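Welcome, and thanks for having your viewer ready. Please load the model below and keep the selection tool at hand.

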Amino acid sequence: MNGARPSVDAVSKAIIEQLQEDGRRPYAAIGKAVGLSEAAVRQRVQKLLDQGVMQIVAVTDPLTIGFRRQAMVGITVDGDVEPVAAALAGLDEVEYVVVTAGSFDLLAEIVAEDDDHLLELINKRIRALPGVRSTESFVYLGLRKQTYSWGTR
């Protein structure tokens, strides 16, 4: 892609909403809901995936699969944030990286096996990245809401 954002029409938005409700919904059922054939839905979904507009994934509860510690880490950077953001994005334990305005230059959500793993990651790998000036960790004590069903507004 040349940097331009893909155009998403009303029908594609309706398909996305259907998949946000149930990522395993059959294309035939989606077609009925949005007024397209199963084949047309399949093509549109593939195009949305190829363009990076959406992805279809299984979302797990980290606690149930052995990851007992989650944290948000605020990171302050000296200089260009992009190389630090790219390095963070390359770490398996980092779920997402956000460039921000405000007290922190970057926010990174981390999923770790335990406190020792989180400490090693922050102290030895994140703080050691060139350009990282400081970090502040916000350890999750409980998750009350996590949803991916905001629709396409």
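The tour goes from the whole chain to two helices, and then to two single residues.

**The whole chain**

Start with everything shown. This is a predicted model, in which local features need pLDDT of at least 70 and side-chain atom pairs count only at pLDDT 80 or more, while totals for chains, interfaces and linings use all residues. Residues are numbered from 1 along each chain as its sequence is written, and side-chain values use heavy atoms, with hydrogens and water left out.

Colour by pLDDT, the predictor's confidence in each residue on a scale from 0 to 100. The mean for the protein is 90, and 89% of its residues reach 70 or more. Confidence is lowest in α1, at a mean of 92, and highest in α4, at 98. Where pLDDT is low, the predicted coordinates should not be read in detail.

Now switch to a cartoon. You should find 5 helices and 4 strands, taken from DSSP runs (helices H or I, at least four residues; strands E, at least two) and numbered from the N terminus. Along the sequence they follow the pattern α-α-α-β-α-β-β-α-β. Of the 153 residues, 30% are buried; buried means under 20% relative accessible area, exposed over 50%, and partly exposed in between (1.4 Å probe, protein chains only).

**Select residues 38-50**

This is helix α3, with 13 residues; at 1.5 Å a residue it should span 18 Å, and its end C-alpha atoms are 18 Å apart, which agrees. The expected span is 1.5 Å times one less than the number of residues.

Which residues of α3 are buried? Show A40, V41, V45 and L48 as sticks. Look down the axis of α3: these buried residues fall within an arc of 135 degrees, so they line one face of the helix. The arc is that of the directions from the helix axis to the C-beta atoms. Turn to the other side of α3, and Q43, K47 and D50 are exposed.

Next, add α1 (10-21) and α2 (27-34), which are among the elements covering the buried residues of α3. Just after α3, stop at G52, which takes a positive phi of about 75 degrees.

**Select residues 81-89**

Here is helix α4, where V81, V84, A85 and L88 are buried. Down the axis of α4, its buried residues fall within an arc of 100 degrees, so they too line one face of the helix. P83 and A86, on the other side of α4, are exposed.

What do the buried residues of α4 pack against? Bring up β1 (69-77), β2 (94-99), β3 (106-112), α5 (115-126) and β4 (132-139) to see these partners.

Zoom in on the start of α4, where a side-chain oxygen of D80 reaches to within 3.0 Å of the backbone nitrogen of E82.

**Select T135, then Q70**

T135 is found in strand β4, and at 15% relative accessibility T135 counts as buried. Add R127: its side chain makes a polar contact with the side chain of T135 (3.0 Å). A polar contact is a pair of N or O atoms within 3.5 Å; within protein, one must be able to donate a hydrogen and the other to accept it, and residues adjacent in sequence count only if both atoms are side-chain atoms. Leaving out residues up to four places away in sequence, T135 touches V73, G74, I75, I122, I126 and R127, where contact means heavy atoms within 4.5 Å.

Finish at Q70 in strand β1, which is buried, with a relative accessible area of 16%. For a last distance, pick Q70 and E93: they are 23 residues apart in sequence and 9.6 Å apart in space, C-alpha to C-alpha.
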